[in-house]
Amino acid sequence: MIQMDAFRALRAELPAGVTLVAVSKTKPVEDIQALYDLGQRDFGENYVQELLEKQPLLPGDIRWHFIGHLQSNKVKYIAPFVYLIHGVDSLSLLKEIHKQGAKHDRVIDCLLQVHIAAEETKFGFDRDELAPALDHAFANARLRGLMGMASNSLDRMLVREEFLGLAELYRQYRRPDWDTLSMGMSADYGIAVECGSTMVRIGSLLFGSR
């Protein structure tokens, strides 16, 4: 069920320049439409098949963010319409996004995912892999910045350190056309914004528990 009061409070709380992505995975199109009717336009999905089912049923001006782990062989399905791919965690995936973007005569915006968390289960480039990855340029896969997920931890100091580390990498490698540092979810978005996030990915606060 849509948490309308929480949505309004979050919109009022977030500073200017911070984009709210409503994470709508597993949620019905009716809930997405309800947030759309309140003015929300950026929605994030984790699964290709689910996104493909929802996209035709909802307004055409929604900006769809793919925020899950994306397999190269599935890029072709979302390439015609995806607004931003958050989790680019390998050079081979970036190449495939470029290839599919060229097929559809569009430039697909992307974020490089950096592994900043203590957990080994998180995807992304390690710090020492980031610079070599940025040596490559692709006309149809445009890098807009970086994305990262902090440790799933109650240790707020640890989370803050991880976000600050990613923000420093963003400043270090930032290019003129970069404008997005995507970090922060329902449990830690406040810390992320304090550390310089320009985009937060919020699910349970808006849609309730899954």
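This is a short chat about a predicted model and some of its helices, strands and loops.

Visitor: Start with H5. What span should helix H5 have, and what do its ends give?
Guide: The model is predicted, so take these as computed values. Helix H5 covers residues 91-103, which is 13 residues. At 1.5 Å a residue, H5 should span 18 Å. Its end C-alpha atoms are 19 Å apart, which agrees.

Visitor: Which residues of H5 are buried?
Guide: Leu93, Leu94, Glu96, Ile97, Gln100 and Gly101. Seen down the axis of H5, these buried residues fall within an arc of 160°, so they line one face of the helix.

Visitor: And what do the buried residues of H5 pack against?
Guide: One helix and three strands are on the list: helix H4 (75-78), strand E4 (84-88), strand E5 (108-113) and strand E6 (141-147).

Visitor: Zoom in on Ile97. What does Ile97 touch?
Guide: Leave out residues up to four places away in sequence. Then Ile97 touches Val75, Ile85, Val88, Ile108, Cys110, Asn140 and Ala141.

Visitor: Which residues of the largest nonpolar core touch the most other members?
Guide: Ile97 is one of them. The others named are Phe43, Ile78, Leu112, Leu146, Phe163 and Leu206. This core holds 62 residues. Helix H7 gives the most to this core, with six residues. Another core lies apart from it, with five residues, among them Val21, Leu84, Leu111 and Met147.

Visitor: OK, H7 then. How many residues does helix H7 have, and what span should they give?
Guide: Helix H7 has 18 residues, 156-173. At 1.5 Å a residue they should span 26 Å. The end C-alpha atoms of H7 are 26 Å apart, which agrees.

Visitor: What is there at the start of H7?
Guide: Asp155. A side-chain oxygen of Asp155 reaches to within 3.1 Å of the backbone nitrogen of Met157.

Visitor: Which H7 residues are buried, and what covers them?
Guide: The buried ones are Val159, Glu162, Phe163, Gly165, Leu166, Ala167, Leu169 and Tyr170. Their cover includes helix H6 (127-134), E6, strand E7 (180-182) and H8.

Visitor: Back to E5. How many of its residues are buried?
Guide: Six of the six, so E5 is largely enclosed by the rest of the structure.

Visitor: Which E5 residues point which way?
Guide: Ile108, Cys110 and Leu112 point one way. Asp109, Leu111 and Gln113 point the other way. Asp109 and Gln113 are buried along with the rest.

Visitor: Do E4 and E5 run parallel or antiparallel, and how many bridges join them?
Guide: They run parallel, and three bridges join them. Ile85 stands opposite Cys110 in E5.

Visitor: What about the loop between H5 and E5?
Guide: Asp105 lies there. Just after H5, Asp105 takes a positive phi of about 55°. Most residues other than glycine have a negative phi.

Visitor: Is Asp105 buried or exposed?
Guide: Exposed, with a relative accessible area of 72%.

Visitor: Which residue between strand E1 and helix H2 should I look at?
Guide: Try Thr26, in the loop between strand E1 (19-23) and helix H2 (29-37). Thr26 is not a glycine, yet its phi is positive, about 70°.

Visitor: New topic, Ser197. Where is Ser197 found?
Guide: In the loop between helix H8 (189-194) and strand E8 (199-202). Ser197 has 4% relative accessibility, so it counts as buried; the cut-off is under 20%.

Visitor: What does the side chain of Ser197 reach?
Guide: The backbone oxygen of Leu181, at 3.3 Å. The backbone oxygen of Met199 also lies 2.9 Å from a polar atom of the Ser197 side chain. Not counting residues up to four places away in sequence, Ser197 touches Val18, Leu181, Met183 and Ala192.

Visitor: One more serine. Where does Ser204 lie?
Guide: In helix H9, residues 204-207. Ser204 is partly exposed, with a relative accessible area of 36%. Its side chain makes a polar contact with the side chain of Ser186, at 3.4 Å.

Visitor: Last one. How exposed is Gln71, and where is its place?
Guide: Gln71 is partly exposed, at 41% relative accessible area. Its place is in the loop between strand E3 (63-66) and H4. Gln71 and Tyr83 are twelve residues apart in sequence, and their C-alpha atoms are 17 Å apart in space.

Conventions. Residues are numbered from 1 along each chain as its sequence is written. This is a predicted model: local features need pLDDT of at least 70, side-chain atom pairs count only at pLDDT 80 or more; totals for chains, interfaces and linings use all residues. Side-chain values use heavy atoms; hydrogens and water are left out. Helices (H or I, at least four residues) and strands (E, at least two) are DSSP runs, numbered from the N terminus. The expected span of a helix is 1.5 Å times one less than its number of residues. Buried means under 20% relative accessible area, exposed over 50%, partly exposed in between (1.4 Å probe, protein chains only). The arc is that of the directions from the helix axis to the C-beta atoms. Contact means heavy atoms within 4.5 Å. A polar contact is a pair of N or O atoms within 3.5 Å; within protein, one must be able to donate a hydrogen and the other to accept it, and residues adjacent in sequence count only if both atoms are side-chain atoms. A nonpolar core is a set of buried Ala, Val, Leu, Ile, Met, Phe, Trp, Tyr and Cys residues joined through side-chain atoms within 4.5 Å. Two strands pair if DSSP finds at least two bridges between them.
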